[in-house]
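Subject: Structure for your review

Dear colleague,

Please find below the structure that I am handing over to you. My findings follow directly after it.

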Amino acid sequence: MTAGPDDRTPLDRDFFDRPVLQVAPDLLGRVLVRRTPDGPIELRLTEVEAYAGQADPGSHAYRGRTERNAVMFGPPGHAYVYFTYGMWHCLNLVCGPEGHASGVLLRAGEVLDGHEWAYERRPKARNDHELAKGPARLATALGVDRRLDGSDVCGSPDAPLSILTGHPARPEQVLSGPRTGVGGEGATHPWRFWIDGDPSVSPYRAHTPRRRNSTRRQVGT
């Protein structure tokens, strides 16, 4: 599947300046472009999760602004990249009015172009569908790390990240359910959205309580 010439209009800031539960499902089918020194990689988004800032116990912003999550409190249309488990990065898109700290975690997608660069970073992927099947795999395949934190995805045409109009998923294709790995009060929020039947969508995993002496996990944005 490839995006046609009429689908390559970049999404503007107004797209992201909306409530997170509107933006998240509307991102499905959009094309994420990652421009690297090797060449561009294009990916069709197939799975995302919404995080509603300080109103959401599952969000990194729930307890307020910190040096780590500062980008979330800024203007919409910017990338929030965090490092987790001491080894993986995850890519999120800030949305909603400035100061609300809402964001969408990009969980999975189908690589449309730049497969050679994605496979260089994900050599253990058994097929194209596995290249970006899960948020850490997606970020790894695209070469995303903390250096891209704060990048403007609505900026110049040669910016490292941008989102194209693509082919938005039809409403009947979009399913929703609880977010992967989120526990506590936010465990049942049906704020994970995915394209039904797409092979690049990652499997759902419920939250697993950890032992007291283990590192606490916090997922999402």
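Gly-143, just after α4, takes a positive phi of about 65 degrees. The model is a predicted one, and every value in this message is computed from it. Helix α4 itself covers residues 135-142 and is mostly covered, with six of its eight residues buried. The buried positions are Pro-135, Ala-136, Leu-138, Ala-139, Ala-141 and Leu-142. An α-helix has 3.6 residues a turn, so residues three or four places apart point the same way. The packing partners of the buried residues in α4 are the strands β1, β2, β4 (88-95) and β5 (102-113), together with helix α3 (115-121).

One of these buried helix residues, Leu-142, is also touched by Thr-36. Thr-36 belongs to the loop that connects β1 (31-35) to β2 (40-52). Its relative accessibility is 11%, under the 20% cut-off, and Thr-36 therefore counts as buried. Apart from residues up to four places away in sequence, Thr-36 touches Arg-121 and Leu-142. The side chain of Thr-36 also reaches the backbone oxygen of Gly-39, at 2.6 Å. Thr-36 and Ala-159 are separated by 123 residues in sequence, while their C-alpha atoms are 9.7 Å apart in space.

Two further buried polar sites deserve a description.

The first site is Asp-56, in the loop between β2 and β3 (79-84). Is Asp-56 buried or exposed? Its relative accessible area is 0%, so Asp-56 is buried. The side chain of Asp-56 forms a polar contact of 2.6 Å with the side chain of Arg-179, and it reaches the backbone nitrogen of Ala-52 at 3.1 Å. With neighbours within four places in sequence left aside, the contacts of Asp-56 are Ala-50, Tyr-51, Tyr-62, Arg-179, His-189 and Trp-191.

The second site is Ser-202, which is found in the segment after β8 (192-195). Ser-202 has a relative accessible area of 6% and is buried. Which side chains make polar contacts with the side chain of Ser-202? One is that of Glu-47, at 2.8 Å, and another is that of Arg-107, at 3.2 Å. Beyond its neighbours within four places in sequence, Ser-202 is in contact with Glu-47, Arg-107, Ala-108, Lys-133, Gly-134 and Arg-192.

Arg-192 leads on to the aromatic residues. Arg-192 lies over the face of Trp-194, at 4.2 Å from the ring centre. In a further arrangement of this kind, the charged end of Arg-18 sits over the ring of Phe-15, 4.6 Å from the centre of that ring.

How many aromatic pairs does the model contain? The count comes to two. The ring centres of Phe-15 and Phe-16 are 5.1 Å apart and the planes stand at 75 degrees, over the 60 degrees required, so this pair is edge-to-face. In the other pair, the rings of Tyr-80 and Tyr-82 have their centres 5.7 Å apart; their planes are at 40 degrees, so the pair is tilted. Tyr-80 and Tyr-82 are both buried. Phe-15 counts as buried at 9% relative accessibility, and Phe-16 does so at 0%.

I close with the chain as a whole. The protein chain has four helices and eight strands, and from the N terminus on these elements run α-α-β-β-β-β-β-α-α-β-β-β. A compact globule of 221 residues would have a radius of gyration near 17 Å, and the 16 Å of the protein chain agrees with this. The C-alpha trace spans about 50 × 40 × 35 Å along its principal axes. Of the 221 residues, 52% count as buried. Among the contacts with a separation of 6 or more, 65% come from residues 24 or more positions apart. The accessible surface of the protein chain comes to about 10,600 Å², and carbon and sulfur atoms hold 50% of this area.

Yours sincerely

Key: Residues numbered from 1 in each chain as written. Predicted model: local features only at pLDDT ≥ 70, side-chain atom pairs only at ≥ 80, totals over all residues. Heavy atoms only, no water. Phe/Tyr/Trp six-rings, centres within 6.5 Å; stacked < 30°, edge-to-face > 60°. Buried < 20%, exposed > 50% of the residue type's maximum accessible area, 1.4 Å probe, protein only. Lys NZ or Arg CZ within 6 Å of the ring centre and 35° of its normal. Helix = DSSP H or I, 4+ residues; strand = E, 2+ residues; numbered from the N terminus. Rg over C-alpha atoms; globule rule 2.2 N^0.38 Å. Contact = heavy atoms within 4.5 Å. Areas by Shrake-Rupley, 256 points an atom, 1.4 Å probe, with all protein chains shown as cover. Polar contact = N/O pair within 3.5 Å; in protein donor to acceptor, adjacent residues only side chain to side chain.
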